[in-house]
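Here's a short tour for anyone opening this one up for the first time. Have a look at the picture, then read on.

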Amino acid sequence: MRIFITTVSAGFILAGSLTGAGMANAAQVGNDTYTPQPVPTPPRSEVQPLDCQGTTGDMGCGPGWFWRDGWKGWACYPC
Amino acid sequence: MKNFTRVLSGVVAAAGSTAVVTIAGLTSANAQPVDYSTLPVHPNGTTDSNAWIPGASVLNPAGQPGVETTFAHRDGSRSITDRVTVYDNPEAAKAAMQSNTTGEPVANPFTKNVPVGEGGILATGTSQDGSKSVGTLNFTNGNTLTQVRFEGPAGDPVPEDMAVQYGQSQDAANQQKLGGG
């Protein structure tokens, strides 16, 4: 009888663990099937400064401006 | 009464001597030659940068009292030539502005009146061969004529706000150091 109870208890414990594992993995099931979608990027010329592509660039000049050494020294100038 | 007259004559004579000495002193002070070499305005001051390097100043350019200094951009791509000349009277300065030019004429000029000195005119265009951008700023104030020439890469003319600010600074320096010419 004792052996029977021990066996049954062990079975419940094992079953509980497996059930929990299944529930824990339930939220991640989607990851196994997720396929990253490519993010479309605009065509970019390698010689054209980043700032002139509509981003702020390293110096935060803003869209349409370009950081360079010009008439006023190093400053933001229109593209 | 005789003594009083003698004393009074002495006082008048002393006062006269003092007046003569003072006038002579003023005359002597006014005769001091103006150090034109300190007149050109440094572009680094108006642009808040360290981009510009001054060349040697040339005194009395073209045989006229005044000074000319050329400032070169540190990368060699641009230059600013600043010339201030002093004439006998305002009419002569204005006449010289109409006839005088510094360097070769501006090709395809866009001319605009600007608030610099008297009759400030900014002309922007290119060199005759089109290889450079060229801007000229001319203005008078009293007896002085100021001519500034900006040369840079083709397609990158001097910004108007910079040219105007530079001219206004030079005009203020003329007023301060030459007393309005």
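What percentage of the 181 residues in chain B do buried residues make up? The figure is 32%. Keep in mind that this is a predicted model.

## Chain B at a glance

Chain B is built from four helices and eight strands. Walk along its sequence and you'll meet them in the order α-α-β-β-β-β-α-β-β-β-β-α.

How do the contacts span the chain? Take the contacts in chain B between residues at least 6 apart in sequence: 46% of them join residues at least 24 apart.

## Inside chain B

The largest nonpolar core has 15 residues. The ones with the most contacts inside this core are Ile80(B), Leu137(B), Val148(B), Phe150(B) and Ala163(B). Three elements of chain B each chip in at least two residues: strand S7 (132-141), strand S8 (144-153) and helix H4 (160-178). There's also a second, separate core made of five residues, with Val86(B), Ala93(B), Met97(B) and Leu145(B) among them.

Leu137(B) is a good residue to click on. Set aside its neighbours within four places in sequence, and Leu137(B) is in contact with Val116(B), Gly120(B), Leu122(B), Val148(B), Ala163(B) and Gly167(B). Two of these partners, Val148(B) and Ala163(B), also turn up in the list of residues with the most contacts inside the largest core.

## A stop on helix H3

Next, find Ala95(B), which sits in helix H3 (residues 90-99) of chain B. Is Ala95(B) buried or partly exposed? Ala95(B) counts as partly exposed because it has 14 other C-beta atoms within 10 Å, while being buried takes 20 or more.

Now look across to Thr140(B), 45 residues away along the chain from Ala95(B). The C-alpha atoms of this pair are separated by 10.0 Å.

## The hairpin in chain A

Over in chain A, strand S1 (residues 65-70) and strand S2 (residues 73-78) run antiparallel, with six bridges joining them. A hairpin takes you from S1(A) to S2(A) through two residues. For a landmark on this pair, try Arg68(A), which stands opposite Ala75(A) in S2(A).

## Where the chains touch

So how many residues of chain A are in contact with chain B? Six are, and they meet 11 residues of chain B. The two hairpin strands come back here: S1 and S2 of chain A each supply at least two residues of the side that touches chain B. By class, that side of chain A has two nonpolar, two polar and two charged residues.

How values were computed: Residues numbered from 1 in each chain as written. Chains lettered and ligands numbered in written order. Predicted model: local features only at pLDDT ≥ 70, side-chain atom pairs only at ≥ 80, totals over all residues. Pairing = 2+ DSSP bridges. Contact = placed C-beta atoms within 7 Å. Nonpolar A, V, L, I, M, F, W, Y, C, P; charged D, E, K, R; others polar. Buried ≥ 20, exposed ≤ 12 C-beta atoms within 10 Å, placed from the backbone. Core = buried A, V, L, I, M, F, W, Y, C linked by C-beta atoms within 7 Å.
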